[in-house]
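Morning, everyone. I'll take you through some helix packing, then a pocket. Please have the viewer open.

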Amino acid sequence: MTRTTLDALPVPDGATAAAALEVAAAHYSPAMLHHAQRSYLWAAARGTADGIPFDPELLYVAALFHDIALVPVFDSHTVAFEEAGGQVAAVFAAGAGWPAARRTRLAEVIVRHMWPEVEVSADPEGHLLARATATEIVGREADTYPAAFRAEVLERHPRLGLAGEFLPCFEAQAARKPGSSAAGAVRSGLAGRVAANPLDSLA
């Protein structure tokens with residue numbers, strides 16, 4: 001990946017982006033809020049470096065809301081957390097005045113962040129968010145980001161023991177919803193991959 005800096009990335013600052021950040025900050029723990037913000041930064045850096053055209057506002061709001069249904073007040077005991085989170089985000093976007101098609105896209109991006117692979121030509125924002133969240137949680141492709149950029153991201157948005165908070169959330173999802181993507185991740189050895197995330201050794 002070519003060298004980049006945080007200040008060179010497109011970070012939306014309009015009314016909808018500000019409202020999304022306000023909602024996220026009100027409901028996430030500090031560790032989860034920083035996780036959501038880092039997810040956007042990894043995704044935006046990847047898209048910028050790889051020449052993938054993406055909608056910064058759509059990707060930013062999706063990143064902020066992608067784990068919102070892990071928060072107890074939005075948790076669903078029957079629906080996979082990414083599906084529930086997509087619906088929460090769509091309701092938020094309706095209040096922000098987004099048209100129906102854009103709200104649907106937002107929900108799709110959030111749902112697809114749990115897919116093993118998202119085709120970039122079909123959904124660039126979903127592709128970027130899926131890769132970014134894999135970087136965040138298990139360190140996949142972390143070494144492809146320049147070391148200085150990784151350090152800059154982690155300095156501005158520290159991990160704050162994310163692994164110790166995130167893994168129990170997923171394990172609880174798996175126990176209650178054994179057919180969900182979270183359950184599949186747990187069965188496939190998520191705990192070991194989380195423990196080996198190189199980003200935690202840098203934090």
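**Helix pairs and the largest pocket**

Start with helix H3, residues 56-65, against H6: they pack at an angle of about 40 degrees, and their axes are 10 Å apart. That angle makes H3 oblique to H6. The crossing of this pair, H3 and H6, is right-handed. From H3, the contact uses Leu58, Leu59, Ala62 and Ala63. From H6, it uses Glu125, Leu128 and Leu129. Sort the H3 and H6 contact by class and you get six nonpolar residues, no polar ones and one charged. Bear in mind throughout that this is a predicted model.

Next pair. Helix H4 covers residues 81-95, and helix H5 covers residues 100-112. They pack at an angle of about 155 degrees, with 8 Å between their axes. How do H4 and H5 run relative to each other: roughly parallel or roughly antiparallel? The cut-off for roughly antiparallel is over 145 degrees, so H4 and H5 are roughly antiparallel. Their crossing is right-handed. On the H4 side, the contact is made by Glu82, Glu83, Gly85, Gly86, Gln87, Ala89, Ala90, Ala93 and Ala94. On the H5 side, look for Arg103, Leu106, Ala107, Ile110 and Val111. The class split for H4 with H5 is eight nonpolar, three polar and three charged.

Third pair: helix H2, residues 30-50, and H8. These two pack at an angle of about 90 degrees, and their axes are 9 Å apart. H2 and H8 are therefore roughly perpendicular. H2 brings Ala31, Met32, His35 and Arg38 to the contact. H8 brings Leu162, Glu165 and Phe166. By class, the H2 and H8 contact has four nonpolar residues, one polar and two charged.

Now the pocket. The largest one has a volume of about 570 Å³. Its lining counts 27 residues. Which of them lie nearest the centre of the largest pocket? They are His113, Met114, Trp115, Ala134 and Arg140. Four helices give two or more residues each to that lining: H6 (124-138), H8 (162-176), H9 (181-187) and H10 (190-195). Which element gives the most to the lining of the largest pocket? H6 does, with seven residues. By class, the pocket lining has 13 nonpolar, eight polar and six charged residues.

One link to take away. H6 packs against H3, and H6 also lines the largest pocket. Likewise, H8 packs against H2, and H8 is among the elements lining that pocket.

Conventions: Residues are numbered from 1 along each chain as its sequence is written. This is a predicted model: local features need pLDDT of at least 70, side-chain atom pairs count only at pLDDT 80 or more; totals for chains, interfaces and linings use all residues. Side-chain values use heavy atoms; hydrogens and water are left out. On a 1 Å grid over the protein atoms alone, a cavity is a set of points where a 1.4 Å probe fits but cannot get out, and a pocket is an open set with protein on both sides within 12 Å along at least five of seven lines; lining residues have an atom within 4 Å of a point. Grid points are joined across faces, edges and corners, and a volume is the space filled by probe spheres set on the points. Ala, Val, Leu, Ile, Met, Phe, Trp, Tyr, Cys and Pro count as nonpolar, Asp, Glu, Lys and Arg as charged, and the others, Gly among them, as polar. Axes are lines fitted to C-alpha atoms, for helices over the stretch in contact, and angles run from 0 to 180 degrees between N-to-C directions. Angles under 35 degrees count as roughly parallel, over 145 as roughly antiparallel, 65 to 115 as roughly perpendicular and the rest as oblique. A crossing is left-handed if the near helix is turned anticlockwise from the far one by less than a right angle, and right-handed if clockwise. Contact means heavy atoms within 4.5 Å.
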